[in-house]
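Biologist: I would like to learn how to read the ligand sites in a model like this one. Can we go through them one at a time?

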Amino acid sequence: MTPDPQVLDRARRLLTDADRIFVLTGAGVSAESGVPTFRGEAGLWKRHRPEELATPQAFARDPRLVWEWYGWRRELVSRCLPNPAHRALATLAARSGNVSLVTQNVDDLHERAASELGRGAPAPSPPLHLHGSLFSVRCTRCSWRGPHRASIDATSLDTLPRCDQCGSLLRPDVVWFGEALDREVLQNAFERAREANLCLVVGTSAVVHPAASLPLVTRQAGGALVEVNPDDTGVSHVADAALRGPAGALLPLLIETL
Ligand code: OAD
Ligand code: ZN
């Protein structure tokens, strides 16, 4: 994969000049780890109808089926490893100290890449998960929420995870269709996007709002926009540099030579 040298040069210069970097990632950053994306030929939404699985109504109708799907996704992600794109972003964050990483992904591959950086490396702050996490749950009745990594037994309603506090069903702590994003997380993300002088947007089709508005916020506040994606996206038309190709090949080229 050889990117256009002029575009690569421009992107490098923009990154070098920026002292506050905002990174937005989507499913494409984890594609080379083996996590399916949502749209496109082999996308998750091609094989499952979102309204059957990723809505509060679906969970109310058939929590067993929804948990079975999330249990399967959890196991799939647990078998995957961070790829060079996750590692390059972790390196950038550890090196510059002024990088805000915001992801739409519900996997934990950014965190795992950061923890693999090696002893002695400064730990970058954890990513903001706009759409929640596969490894967090919250109670369907009380306000309890927390981490949950155990495998899911979805053989019957009685074997599904239950709240320690009130005994009600727990649900995945992810944002479903028709649900609002966590207000604090969203506010935080918008603030960081506004303050940044560069937004690096990686592996997202940039069609799902409000996440897709974040690169535009940086742009409107006078910052630059660098995109890494094999295809055109909802924000390509305003990118100052668009690197076309897989993130696992391009991000190390872009970041490790800075
Ligand atoms: P999409 O599936 O919409 O888009 C994936 C993007 O990754 C596409 O633009 C691909 O071109 C790109 N891509 C594929 N392989 C790549 C690679 N190796 N390197 C870099 N890019 C690559 O996924 P998202 O944009 O993340 O929301 O989707 C946004 C949201 O839509 C998801 O978070 C999910 C879904 O509905 C919720 O579940 C709330
Ligand atoms: Zn509860």
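Biologist: Which residues come nearest to ligand 1?

Modeller: Bear in mind that this is a predicted model. A residue is near a molecule if one of its heavy atoms lies within 4 Å of it. Around ligand 1 there are 22 residues, and Arg39, His131, Thr204, Ser205 and Asn229 come nearest.

Biologist: How does the shell around ligand 1 divide into nonpolar, polar and charged residues?

Modeller: The shell holds 10 nonpolar, 9 polar and 3 charged residues.

Biologist: Which polar side-chain atom lies 2.6 Å from an oxygen atom of ligand 1?

Modeller: A polar contact is a pair of N or O atoms within 3.5 Å. Here the side-chain atom belongs to Arg39. The backbone takes part as well: a polar backbone atom of Phe38 is 2.8 Å from an oxygen atom of ligand 1, and a backbone N or O atom of Ala247 lies 2.9 Å from a nitrogen atom of the ligand. Of the 800 Å² of accessible area that ligand 1 has on its own, the protein covers 88%.

Biologist: Where does ligand 1 sit?

Modeller: Ligand 1 occupies the largest pocket.

Biologist: Which residues coordinate the zinc ion (ligand 2)?

Modeller: For zinc, donors are N, O and S atoms within 2.8 Å of the metal. In this model they are the SG atoms of Cys139, Cys142, Cys163 and Cys166, at 2.3 to 2.4 Å. Along the chain, these donors follow the spacing C-x2-C-x20-C-x2-C.

Biologist: What is the geometry of the zinc site?

Modeller: The site is tetrahedral, with angles of 98 to 120° among its 4 donor atoms.

How values were computed. Residues are numbered from 1 along each chain as its sequence is written. Chains are lettered from A and ligands numbered from 1 in the order in which they are written. This is a predicted model: local features need pLDDT of at least 70, side-chain atom pairs count only at pLDDT 80 or more; totals for chains, interfaces and linings use all residues. Side-chain values use heavy atoms; hydrogens and water are left out. A polar contact is a pair of N or O atoms within 3.5 Å; within protein, one must be able to donate a hydrogen and the other to accept it, and residues adjacent in sequence count only if both atoms are side-chain atoms. Accessible areas come from the Shrake-Rupley method with a 1.4 Å probe; for residues, only the protein chains shown count as cover. On a 1 Å grid over the protein atoms alone, a cavity is a set of points where a 1.4 Å probe fits but cannot get out, and a pocket is an open set with protein on both sides within 12 Å along at least five of seven lines; lining residues have an atom within 4 Å of a point. A molecule sits in a cavity or pocket if more than half of its atoms lie within 2 Å of its grid points. Ala, Val, Leu, Ile, Met, Phe, Trp, Tyr, Cys and Pro count as nonpolar, Asp, Glu, Lys and Arg as charged, and the others, Gly among them, as polar. Donors are N, O and S atoms within 2.8 Å of the metal (3.2 Å for Na, K and Ca); water is not among the atoms, so sites may look incomplete. Four donors count as tetrahedral if all angles lie between 85 and 135 degrees; four count as square planar and six as octahedral if opposite donors are over 155 degrees apart and all others between 65 and 115; anything else is irregular.
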